[in-house]
Amino acid sequence: VRLFLVLLSSSATIGIFGAFGTYQLRWGMLRYVASDRRRRIDTTIKRNVAFIFALSRSGMPFSEVLRVLSRHTGVYGETAREMGVTVKDIDLFGTDLLTAIRRTGERTPSDELEDFVENLGSVLRSGNSLPEFLRDQYEYFLDEEEAQQRQFLELLGTLAEAYVTVFVAGPLFLITILV
């Protein structure tokens with residue numbers, strides 16, 4: 001009876017930990033995939049907005065702009081793949097452009113793309129100038145990217161100063177003091 005109780009409690013404990021670990025692994029993998037997609041979308045959205053701006057400025061209808069973008073996923077990356085889902089939503093399910101764009105904003109893991117698509121939908125709904133909006137968005141993304149690069153360079157400068165202080169000047173200073 002004692003051996004049976006020990007085996008029962010140990011197998012129950014192992015089963016509970018195994019189930020909990022599997023549950024955490026399953027959701028952790030999904031979080032990892034979503035964060036990887038978010039990073040890839042955020043990386044490619046800047047050049048995609050520039051491409052959309054160039055095509056819309058030429059007078060091409062916006063649904064055709066999205067089709068052209070979605071055809072070139074190898075060049076324009078994950079954001080083009082997201083817009084490809086929007087195009088499939090329009091072509092296969094017969095939804096209108098505004099609803100498909102709204103759905104894209106709801107399902108994307110990227111906050112930047114969600115904001116862009118939400119603003120794009122309101123511009124399309126209101127009838128404002130699409131090329132002007134896209135130019136403003138392109139300039140906004142350029143400014144933001146420049147600020148991120150400046151911040152990264154400042155971090156590199158700080159790390160370089162710390163390296164020089166700790167590994168170059170510090171030992172020379174200690175040797176001078178000890179001598």
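Analyst: A crossing of two helices counts as left-handed if the near helix is turned anticlockwise from the far one by less than a right angle, and as right-handed if clockwise. Keep that in mind as we look at this predicted model.

User: Thanks! Is the crossing in which α2 passes α3 left-handed or right-handed?

Analyst: Let's start with the geometry: the axes of α2 and α3 come within 6 Å and cross at roughly 130°. That angle makes α2 oblique to α3. As for its hand, the crossing of α2 past α3 is left-handed.

User: Which residues of α2 meet α3?

Analyst: On the α3 side, the residues met include Tyr 76, Ala 80, Met 83, Val 87 and Ile 90. Happily, there is a simple pattern to look for: residues three or four places apart point the same way, because an α-helix has 3.6 residues a turn. From α2, the residues that meet α3 are Leu 66, Arg 67, Leu 69, Ser 70 and Arg 71.

User: Where does α3 bend?

Analyst: The end-to-end distance gives a good hint. Helix α3 covers residues 73–93, and its end C-alpha atoms are only 21 Å apart, short of the 30 Å that a straight helix would reach at 1.5 Å a residue. The helix bends by about 80°, and the place is Thr 79.

User: Which helices do the buried residues of α3 pack against?

Analyst: Buried here means under 20% relative accessible area. In α3 that group includes Gly 77, Thr 79, Glu 82, Met 83 and Asp 89. Their packing partners are α1 (2–57), α2 (62–71), α4 (97–107) and α5 (111–126).

User: What phi does Gly 94 take?

Analyst: Gly 94 sits just after α3. Its phi is positive, at about 70°.

User: How does α4 run relative to α5, roughly parallel or roughly antiparallel?

Analyst: The axes of α4 and α5 come within 8 Å and cross at roughly 160°. Angles over 145 degrees count as roughly antiparallel, so α4 is, relative to α5, roughly antiparallel.

User: Which residues of α5 do Leu 97, Leu 98, Ile 101, Thr 104 and Gly 105 in α4 meet?

Analyst: The crossing of α4 and α5 is left-handed. Across it, the α5 residues met by those five names are Glu 114, Val 117, Leu 120, Gly 121, Leu 124 and Arg 125.

User: Last one: does Glu 139 count as buried, partly exposed or exposed?

Analyst: Glu 139 lies in helix α6 (residues 130–178). From Leu 3, Glu 139 is 136 residues away in sequence and 72 Å away in space, C-alpha to C-alpha. Because its relative accessibility is 40%, Glu 139 counts as partly exposed.

Notes. Residues are numbered from 1 along each chain as its sequence is written. This is a predicted model: local features need pLDDT of at least 70, side-chain atom pairs count only at pLDDT 80 or more; totals for chains, interfaces and linings use all residues. Side-chain values use heavy atoms; hydrogens and water are left out. Helices (H or I, at least four residues) and strands (E, at least two) are DSSP runs, numbered from the N terminus. The expected span of a helix is 1.5 Å times one less than its number of residues. The bend at a residue is the angle between axes fitted to the seven residues ending there and the seven starting there. Buried means under 20% relative accessible area, exposed over 50%, partly exposed in between (1.4 Å probe, protein chains only). Contact means heavy atoms within 4.5 Å. Axes are lines fitted to C-alpha atoms, for helices over the stretch in contact, and angles run from 0 to 180 degrees between N-to-C directions. Angles under 35 degrees count as roughly parallel, over 145 as roughly antiparallel, 65 to 115 as roughly perpendicular and the rest as oblique.
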